[in-house]
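Please work through the exercises below with the sequence and the coordinates open beside you. Each one sets a task and then gives a solution in steps.

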Amino acid sequence: MKPYFQNKVDRRTRSAMVDFLKGHYRYDTMSSWNRLTSYANNIKFHRLGLSSKQDDKAYEMLNVDFWEEIRGPIDDFTYDQGHRYTICSNGRSGGYLVLHESHLELTGHLSYCPTCGQRNFKKVPPVTYQDENEEVIAREILRSQNSWLPGVYLGQPAIQTLTISNDKKLLLINRLKTELRDCSASDACGVCGNPRSNFSVPPSRLMVANRGIDQFEDFYAEDWSMEALRDRVDLVCAFDTACDAIRSNFIALLDDYDVVEITEHRPVQIKKLVAHAA
C-alpha cells in the first residue's frame, strides 16, 4: 500500500532534517492543559484517505472493538526501539497516535502458577537438597521466613540434633539464608493451591512517560550533531511507518470484514422453589 504518513527526508542536510522535525504534526501527550506535546499522526476516519465505501464501513465499526486486530505494529515498533519509545493513542475518541518515551521495569514477580496464572513475589523453594543436614536447615529457614539471625537457628531442636559441628551448621545456615532469601515456605499457589513455577526470566512491564518530545527543541544548537539529527529523523520516520502499518491493517479490516449483529444467549442464575426429595 502506498505510504500515507511517511515522508522522504534528505538526511544529507541539516535544514531538510530540521524542517521535517519542526513541520511534523504534533499532539498532546496528556491532557491539553498540560501543554506537553510530541510527534503524532491524526487517525480519525475522515483523515485516513478512505474511499466513500470504506468510510461508511468505518462508521459501522464504531461500536466494534477492533483495536487489538490492528495494533500489532505498535509492539513491533516498541521492540525495535529497544523499548525506549512506544506509541499511545490520545484524544477524546483515541483519534491520535502519539510518540512517547518509555522503558521496561521489572514487576518484582519471581514465580507464577501454571494452572491459574497467579503471580507471586516469592520464588519456589528447591525440591531437593545435597544431604539431610542441608534439608533440615533449609526447612527451618523457610519455616521462619528467613527472619532470624544465624545464631538463633543453632538453638532450634531440629538443627541441634544434626551430628555436624556448630561451625559447619553456621556455614550452611549463612549460605542457605542467602540462597533462600526470596523463597516462600512452599510452592503452593495462594489462589488455587496448585504448584507454582519460578520465572526463568523475570517479567517486566512497559512504563510510558507522558512528557513532551522535542517540544521547544533548537535543532540548530551545538549539541544536535548531524548524527544525532539523523537518529531523531530515523525515529520519527519509524513512528510514521508504524502508523502507516496500523492504517493498512484497519483498511484491510474494512475491505475483508462486514459488521453484523448477532444475538448471544448467556446463562442467567435464578432462584426457585424445589420440593424435597421423597
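The exercises that follow concern a predicted model, and they move from strand pairing to helix packing and then to single residues.

**Exercise 1. Trace the pairing partners of strand β4 (residues 96-106), and state the sense in which each pair runs.**

Step 1. Begin with β2, which covers residues 37-42 and pairs with β4 in the antiparallel sense over 3 bridges; within this pairing, N41 stands opposite L97 in β4.

Step 2. Continue with β3 (residues 85-90), which is likewise antiparallel to β4, here over 6 bridges, and where C88 stands opposite V98 of β4. The hairpin of β3 and β4 has 5 residues between the strands, and in this hairpin G91 takes a positive phi near 100°.

Step 3. Finish with β8 (residues 204-208), which is joined to β4 by 5 bridges and runs antiparallel to it, with S102 standing opposite V208 in β8.

**Exercise 2. Establish the strand order of the open sheet of 3 strands, and decide which strands stand at its edges.**

Step 1. The order is β6-β5-β7, and the pairing is antiparallel.

Step 2. β6 (119-120) and β7 (197-198) each have a single partner strand and therefore stand at the edges, so that one side of each is left without a neighbour in the sheet.

Step 3. For the pairing of β5 (residues 111-112) with β7, look for 2 bridges between antiparallel strands; Y112 has S197 in β7 as its bridge partner.

**Exercise 3. Classify the packing of helix α9 (residues 226-256) against helix α4 (residues 72-80) and against helix α2 (residues 52-60) by the angles between their axes.**

Step 1. The axes of α4 and α9 are 8 Å apart and make an angle of about 160°. Because an angle over 145 degrees counts as roughly antiparallel, α4 and α9 are roughly antiparallel to each other.

Step 2. The crossing of α4 past α9 is right-handed, and the residues that meet are P73, I74 and F77 from α4 with L235, A238, F239, A242, A245, I246 and N249 from α9.

Step 3. For α2 and α9 the angle is about 95° and the axes lie 9 Å apart, which makes α2 roughly perpendicular to α9. In this packing, Q54, K57 and A58 of α2 meet F250, I251, L254 and D255 of α9.

**Exercise 4. Repeat the classification for helix α5 (residues 132-143) and helix α8 (residues 166-179), whose axes are 10 Å apart.**

Step 1. The angle between α5 and α8 is about 55°, and these two helices are therefore oblique to each other.

Step 2. α5 passes α8 in a right-handed crossing, while N133, E134, I137, A138 and I141 in α5 meet a set of α8 residues that comprises K169, L172, I173, R175, L176 and K177.

**Exercise 5. Determine whether F250 of helix α9 is buried or exposed, and identify what surrounds it.**

Step 1. The relative accessible area of F250 is 4%, and because the limit for a buried residue is under 20%, F250 is buried.

Step 2. Leaving out residues up to four places away in sequence, F250 touches F45, L48, L50, A58, M61, F66 and I70.

Step 3. One of these, F66, is 184 residues from F250 in sequence, whereas the C-alpha to C-alpha distance between F250 and F66 is 8.6 Å.

**Exercise 6. Describe the surroundings of N42 in strand β2 and of H109 in the loop between β4 and β5.**

Step 1. N42 has 7% relative accessibility and so counts as buried; a polar atom of the N42 side chain lies 2.9 Å from the backbone nitrogen of K44.

Step 2. Apart from neighbours within four places in sequence, the contacts of N42 are F5, Y25, R47, L48, G95 and Y96.

Step 3. H109 is also buried, at a relative accessible area of 16%, and a polar contact of 2.8 Å joins the H109 side chain to that of T107.

Step 4. Beyond residues up to four places away in sequence, H109 touches R119, N120, F121, F199 and P203.

Methods. Residues are numbered from 1 along each chain as its sequence is written. This is a predicted model: local features need pLDDT of at least 70, side-chain atom pairs count only at pLDDT 80 or more; totals for chains, interfaces and linings use all residues. Side-chain values use heavy atoms; hydrogens and water are left out. Helices (H or I, at least four residues) and strands (E, at least two) are DSSP runs, numbered from the N terminus. Buried means under 20% relative accessible area, exposed over 50%, partly exposed in between (1.4 Å probe, protein chains only). A polar contact is a pair of N or O atoms within 3.5 Å; within protein, one must be able to donate a hydrogen and the other to accept it, and residues adjacent in sequence count only if both atoms are side-chain atoms. Contact means heavy atoms within 4.5 Å. Two strands pair if DSSP finds at least two bridges between them. Axes are lines fitted to C-alpha atoms, for helices over the stretch in contact, and angles run from 0 to 180 degrees between N-to-C directions. Angles under 35 degrees count as roughly parallel, over 145 as roughly antiparallel, 65 to 115 as roughly perpendicular and the rest as oblique. A crossing is left-handed if the near helix is turned anticlockwise from the far one by less than a right angle, and right-handed if clockwise.
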